[in-house]
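Trainee: I've got the model open and could use a walk through it. Can we take it one spot at a time?

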Amino acid sequence: MNKNNKILIKGGRLIDPANKLDDIGDILIGAGKIIQVGKDIKVNSSLVIDASGRIIVPGLVDMHVHLREPGRKDKETVASGTKAAAKGGVTSVLAMPNTQPAIDCPENVRLLKESIKNSAAVRVFICAAVTKGRKGEELTDIAKLKKEGVVAISDDGSSVDCDKLMLKALSKAREEKVLVICHSEDKGLSKNGVVNLGLTSTRMGLRGISRESEYGRVKRDIFLAQKSKARLHIAHVSCRESVELIFQAKKKGLKITAETAPHYFALTEDSVLGYDTNMKMNPPLRGKEDVAAIKQGLADGVIDIIASDHAPHTKNEKDIEFEQAEFGVIGLETELAVSARELVHKGILSWPQLVEKMSLNPAKILGINKGTLSLGQDADIVIFSADKKWKVSEDNLVSKSKNSAFLGLDLPVVVEYTVCRGEVVYSDEVYRH
Amino acid sequence: MWIRKDLLGLEELSKEELELILSTAESFKEVSTREIKKVPALRGKTVVNLFYEPSTRTRVSFEVAAKRLSADVINIAAEASSARKGETLIDTGRNIEALKADIIVVRHNASGAAAMLARNVNISVVNAGDGWHEHPTQALLDIFTLKETLGRIEGLKVSIVGDIAHSRVARSNIWGLAKLGAQVTVCAPRILMPPGIEEMGARISYDIDEALHDADAVNVLRMQFERDEQKAFPNQFEYLEAFGVTQERLKKAKKDIIVMHPGPINRGIEMSSEVADGANSVILEQVTNGIAVRMAVLFLVAQASDSRKTEAHE
């Protein structure tokens, strides 16, 4: 479709938390921008989308996605990962740097940018590594990376173990106004663990990953953020103590934000008891009390955002002995639907609150001008139906890998159109009408 | 009635299923006392022993059990491949299935290996020990021996002593005994006591004398120093001192306390020789009963498969 063509989306429920909008209305898009928002817009446009009975929201911003480029195109590519994003209503992703090689220097950023330019279906922002090779030994050149357009740094998959180095990274990031994202895990404690430590690890005869290995490191990271006055974002929070620590830190006025992923509030450790490797992720699925605390944290605003931690792995890496299988699950295509099912349908968040957690808040945290339906904004828009169901199966996932924790589940949200930069990048022919 | 394709662990079994295995084993025990120690129950069936860990007694016990049921037995001593090189467990299982075998008896160092194999083949899988997870037939033969010796399980006080953290035998025993109404005490050095034991239905003790006091039976686990990652004990003599079952300690316990051990025994480490060979020991009876229990398990899973096939044809 030509960028300059106009699209009119008519008669849907417009939810735009940035403008405190939740009302039936129309949106007119032209030249890749939002031109008009209101009631009964009448204009000649090349495409009219009847959105009656549908919900229209700003495109989702998923700030925790592993696109696997460069190096592991067998798991996922920029093309396949962003196609999955579009199908899930995600129009902006933050690509994590634990690739092969890691995104730890301007050359590698350019390598990724080239691939994005050639093949991305939605917007891809880049997160670079904190340390060279993600080894936790030597800092990357944060200033240079920033000049290449990097919006955040993280050694995701690992924590920077050395306090002094982490403090230096935070101070430098503060100078350069780059966000630091922490994978808070003390591997000294969690080493070789594969499931939640406790009854689950004992029952399964597997080594455990304690909650302490997470919250102990969350505590340190908060302390270092306070000391350096840097902005810190804590990735994939999974346990109750972490939620409490973040609550306390926010109360003190620290510039800390926090994230969780749908599997941490939709599933408990009971799901892993059958040794299904699609239930193996790091941090691991936790107990009922943790799930309750995560949900409460989302409701209270302690947890600011939901991200998928989309982590594709091939069948060969998953269909093996549990201990040896890779950690991680895909989630771009299911995150909106799972979140709706667990949070909106269960009365924990309203629709506008959910949209805030999945679009506006991550955009604010990353400092990118996204997540709103304001006039003049880039037209990144999702139209979905909240009263239809679909069943997750390997056949209907477009990600290159099929390692979803939600296979076989009926989900209550069907994305019908995803518009990015004013173009329809995904439309669901099967479920529409 | 037994309808399961596989036997993967005792955790998922009901009390009735446990009792069915035990009563079936009782009727099979007599076979081993006959002049011709064979019944035709599994004639024409093929049992494959797929062992990724060295094991003599369990493998031989399964082999004898299968042969006394007239099955053909194939033993495969497999090299636990590092998953990314060599054939995967699933591929190996599918190849065995393609050979038209009927039952795979699998021993593997990875917890969950038997469950994974069972999910990926249509033939029966019997878990002969997976990592630290479960060793159901060992616990069944322990329970069978207890019942045979003491006449019941309900209400018995059974202590399990040793490296609980890394013991599949302990886990299977806890599940099985608790379901059948025994009072289970688990005794280990703190560092070898895994979390969640009480939620599994057992009581915790850190004092061997306390655990032996009042017990009707004690099951002594093999202390595997080669697997002790945490170096809980500097040497084996300290272990005997702190947790070993000795004649001296037994004197303070019930006079007719039953002493069990899954073997192989480290004499002088977890148990002294006098105890192993003493009047309270039923260690060799356990070995004999292992055959009857494994015959029962092989018979039940084979029968369930046959009735599934019949149903499919109807």
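Mentor: Sure, and let's settle one term before we start: a residue is called buried when its relative accessible area is under 20%, and exposed when that area is over 50%. Keep in mind that this is a predicted model.

Trainee: Is A:Val122 buried or exposed?

Mentor: Start with where A:Val122 sits: in the loop between α2 (106-119) and β8 (123-128) of chain A. Its relative accessibility is 1%. The cut-off for buried is under 20%, so A:Val122 counts as buried.

Trainee: Which residues does A:Val122 touch, leaving out those up to four places away in sequence?

Mentor: One stretch of chain to look at is around A:Glu423, which is 301 residues from A:Val122 in sequence but 10.0 Å from A:Val122 in space, C-alpha to C-alpha. The residues that A:Val122 touches are A:Thr82, A:Ala85, A:Ala86, A:Val90, A:Thr91, A:Cys420, A:Arg421 and A:Val425.

Trainee: Does A:Ser393 count as buried, partly exposed or exposed, and what is its relative accessibility?

Mentor: A:Ser393 is also a loop residue, placed between β17 (390-391) and β18 (410-411) of chain A. Partly exposed covers the range between under 20% and over 50%. A:Ser393 therefore counts as partly exposed, with a relative accessibility of 24%.

Trainee: How far apart in space are A:Ser393 and A:Gly408?

Mentor: Along the sequence, A:Ser393 and A:Gly408 are 15 residues apart. Going C-alpha to C-alpha, the separation in space is 5.8 Å.

Trainee: On to helices. Are α8(A) and α10(A) roughly parallel or roughly antiparallel?

Mentor: Helix α8 covers residues 240-251 of chain A and helix α10 covers residues 288-300 of chain A, and their axes come within 8 Å. The crossing angle is roughly 30°. Angles under 35 degrees count as roughly parallel, so α8(A) and α10(A) are roughly parallel.

Trainee: How many charged residues are in the contact of α8(A) with α10(A)?

Mentor: From α8(A) come A:Arg240, A:Glu241 and A:Val243, and they meet A:Glu289, A:Asp290, A:Ala293, A:Ile294 and A:Gly297 in α10(A). By class, that contact has 3 nonpolar residues and 1 polar, and the charged ones number 4.

Trainee: Now the empty space. What is the volume of the largest cavity?

Mentor: The search of the whole structure turns up 5 cavities of 30 Å³ or more. Lining the largest cavity are 13 residues, with A:Ser184, A:Glu185, A:Glu214, A:Asn282 and A:Pro283 nearest its centre. The volume of the largest cavity is about 90 Å³.

Trainee: Which element gives the most to the lining of the second largest cavity?

Mentor: The second largest cavity has a volume of about 60 Å³, and its lining includes A:Val180, A:Ile181, A:Cys182, A:Arg220 and A:Asp221. Both β10 (179-182) and α7 (211-228) of chain A supply at least two lining residues each. With 3 residues, the one giving the most is β10(A).

Trainee: And the largest pocket: how many polar residues are in its lining?

Mentor: The largest pocket has a volume of about 800 Å³. It is lined by 39 residues, and A:Asn98, A:Gly157, A:His313, A:Glu326 and A:Phe327 are the ones nearest its centre. Within that lining, 9 residues are nonpolar and 13 are charged, while the polar residues number 17.

Definitions and conventions
Residues numbered from 1 in each chain as written. Chains lettered and ligands numbered in written order. Predicted model: local features only at pLDDT ≥ 70, side-chain atom pairs only at ≥ 80, totals over all residues. Heavy atoms only, no water. 1 Å grid on protein atoms, 1.4 Å probe; cavity = no way out; pocket = protein on both sides within 12 Å on 5 of 7 lines; lining within 4 Å. Points joined across faces, edges and corners; volume = space filled by probe spheres on them. Helix = DSSP H or I, 4+ residues; strand = E, 2+ residues; numbered from the N terminus. Buried < 20%, exposed > 50% of the residue type's maximum accessible area, 1.4 Å probe, protein only. Axes fitted to C-alpha atoms, helices over the stretch in contact; angles between N-to-C directions. Parallel < 35°, antiparallel > 145°, perpendicular 65-115°, else oblique. Contact = heavy atoms within 4.5 Å. Nonpolar A, V, L, I, M, F, W, Y, C, P; charged D, E, K, R; others polar.
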